[in-house]
Each structure stands twice: as structure tokens, then as C-alpha cells.
Amino acid sequence: MAEVLFYEQPVPLNRTTHKDLRLKGLPTLKFAMNVHSVPLTGAEFGLAARDLLIVFAGNDVNDAGPIALLGLRQDENLFIGADGQWAPNTYVPAFVRRYPFVLAEKPAGQEGEELTVFLDERYEGFGTVEGERLFKEDGTDTEMLTNAVRFLGEFQQNIQRTRWFMEQLRKHDLLEPRNIRLQKEGKDGVEGHAINLNGLFVVNEDKLRALDEKTTHEFAREGVFGWIYAHILSLANIDRLTQRLGAREQTETAGSATRN
């Protein structure tokens with residue numbers, strides 16, 4: 001969950017250095033065009049499951065964490081078009097929405113809390129002329145910055161809750177490896193290329209049903225079942241993701257034919 005995608009030049013937010021900085025809202029999410037997955041918190045599962053494929057990814061079960069799978073090819077987000085627009089009426093993960101701000105560990109030697117607010121100075125929406133100020137003339141936070149920092153705090157709390165959730169899945173051995181292989185059809189009946197997705201894990205439903213009564217009551221009380229079943233229901237979205245890839249490939253083929 002600590003991986004910082006998108007951020008080209010993250011620096012700690014500073015009231016002196018950034019006293020005149022303004023943030024202009026941009027109409028695109030082009031910064032996220034080249035990521036095929038992003039971390040997801042359990043609190044998002046319910047909304048995300050309607051549109052996105054939720055799986056657990058990692059080198060092994062011990063470091064696996066929940067992700068929203070956004071593409072089937074490396075460095076490609078199928079939910080963002082060439083115009084930088086996210087697919088309409090589909091869920092945008094909080095990991096994406098928090099940009100260009102992020103909570104991260106502050107540089108060694110600095111006093112204060114362990115985590116501090118960083119911003120991406122390379123974000124094209126930052127400037128000193130247009131947009132909303134981050135700080136008022138007296139140096140205090142503007143409402144915009146206050147809301148952004150509050151969102152980061154809530155996101156961090158959800159990360160902690162999600163870590164506890166993952167501990168429960170591992171404790172009760174509920175995760176199993178799941179390799180996804182998609183065979184793409186070629187032209188004129190010729191077998192096309194295959195797409196293999198490895199390093200993924202899903203909840204084993206047989207083991208879930210076999211949980212003892214004490215654990216079942218705890219999961220029900222803590223809302224764990226809701227997150228698990230949202231994940232399970234989301235697995236059907238692999239078909240919709242495949243359809244998005246098919247549409248993208250058709251566009252690429254048409255574009256290539258036009259250029260030739």
C-alpha cells in the first residue's frame with residue numbers, strides 16, 4: 001500500500017516554500033493512464049465491486065494486498081481513454097483521487113508525526129497564478145487544503161483497517177493463488193496471443209464456509225464478510241475487463257490501418 005505511483009517529484013508540503021502555490025483542477029486523469037492496477041482499501045470494496053475486478057496481489061500470501069485490476073496489459077489502464085477521461089459512471093479508486101497529495105514518511109531527522117503531507121511538484125495543475133490557493137495570506141490552510149488533508153487521513157485509516165483485514169485472511173488461510181489466462185482470438189480462426197496474469201490471490205469459498213463458529217461471529221461483527229463477498233462478486237468483472245481490452249485493440253487496429 002506504500003507504493004507511490006504517479007508521483008514524479010514528491011516533496012513535503014511546506015508553508016514557506018509553497019505559500020503562494022495554487023492548485024488548478026484539471027479535467028483529465030492522464031497521470032494514471034499507464035498503471036494496470038492500484039491498491040484498494042477494504043472500505044471501497046462495496047462500491048468498487050460494481051465496476052472493477054478486486055483481487056489480492058503479491059509475491060506470496062504474506063505480502064499480498066488488495067488491488068483493483070485496471071488493465072490486462074503492462075502499463076495500460078483500460079478505464080482511461082486517449083483523452084485522459086476515466087470511463088463514465090465507473091468507480092475511481094481513492095488511491096487515484098488523492099493525487100497530487102499523499103501521506104508519506106517524512107525525511108529522517110524532522111520532528112513531529114511520523115507521516116506528513118507530500119505533494120507532487122511536477123503536477124501540471126500546480127502554479128502561482130491560476131487555481132485555488134493552498135494557504136491563506138496568514139499562512140493557515142485554505143478550505144481546499146483542509147479537505148484534501150482530511151481525505152488523506154481517512155484514506156490512511158482505511159489502510160490500517162485493510163491491513164487488519166489481510167491479517168485475518170492469512171490467519172485463517174483463506175487465500176489461494178489464482179492465475180488468470182486469457183486466450184485472445186486471432187484473425188480468420190487463427191489462435192491469437194495469450195495473456196497470463198500471475199501473482200494473484202482470491203478467497204477460497206470452501207474454506208470460508210468451513211470457518212468455526214467463533215470466527216464466523218467475529219467476521220460478521222467486524223464487517224469482514226461484506227468485504228469478502230464484494231471481492232468474490234467482483235471476480236465476474238474479468239469479462240468486462242476483457243471486453244474493454246477487445247475494444248481498445250480494435251481501436252488500435254483501426255488506427256494502424258488508417259496510418260498505413
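**A five-stranded sheet and some unusual backbone spots**

Hi everyone, let's start in a loop: Pro 100 sits between helix 2, residues 94-97, and strand 6, residues 101-105. This is a predicted model, so please keep that in mind as we go. What is the peptide bond from Tyr 99 to Pro 100, cis or trans? That bond is cis, with omega near 15°. For background, most peptide bonds are trans, and most residues other than glycine have a negative phi.

That second point brings us to another loop, the one between strand 5, residues 65-69, and helix 2, where we find Asp 75. Asp 75 is not a glycine, yet its phi is positive, about 60°. Its relative accessible area is 47%, which makes Asp 75 partly exposed. Asn 89 also lies in the loop between strand 5 and helix 2. Here too we have a non-glycine residue with a positive phi of about 60°. Asn 89 is exposed, at 80% relative accessible area.

Now, on to the sheet. It is open, with 5 strands in the order 3-5-4-13-10 and antiparallel pairing. Why is one side of strand 3 and of strand 10 left without a neighbour in the sheet? Strand 3 (37-39) and strand 10 (175-177) are at the edges and each has a single partner strand, so one side stays unpaired. From one strand to the next, the twist averages 45°.

Let's look at strand 10 again: its antiparallel pairing with strand 13, residues 200-203, runs over 3 bridges. Within strand 13, Val 202 is the bridge partner of Glu 176. Finally, helix 6, residues 224-234, packs on the sheet and touches strand 4 (53-57) and strand 13. The direction of helix 6 makes about 110° with that of strand 4. Thanks, everyone!

Key. Residues are numbered from 1 along each chain as its sequence is written. This is a predicted model: local features need pLDDT of at least 70, side-chain atom pairs count only at pLDDT 80 or more; totals for chains, interfaces and linings use all residues. Side-chain values use heavy atoms; hydrogens and water are left out. Two strands pair if DSSP finds at least two bridges between them. Helices (H or I, at least four residues) and strands (E, at least two) are DSSP runs, numbered from the N terminus. Axes are lines fitted to C-alpha atoms, for helices over the stretch in contact, and angles run from 0 to 180 degrees between N-to-C directions. Contact means heavy atoms within 4.5 Å. Buried means under 20% relative accessible area, exposed over 50%, partly exposed in between (1.4 Å probe, protein chains only).
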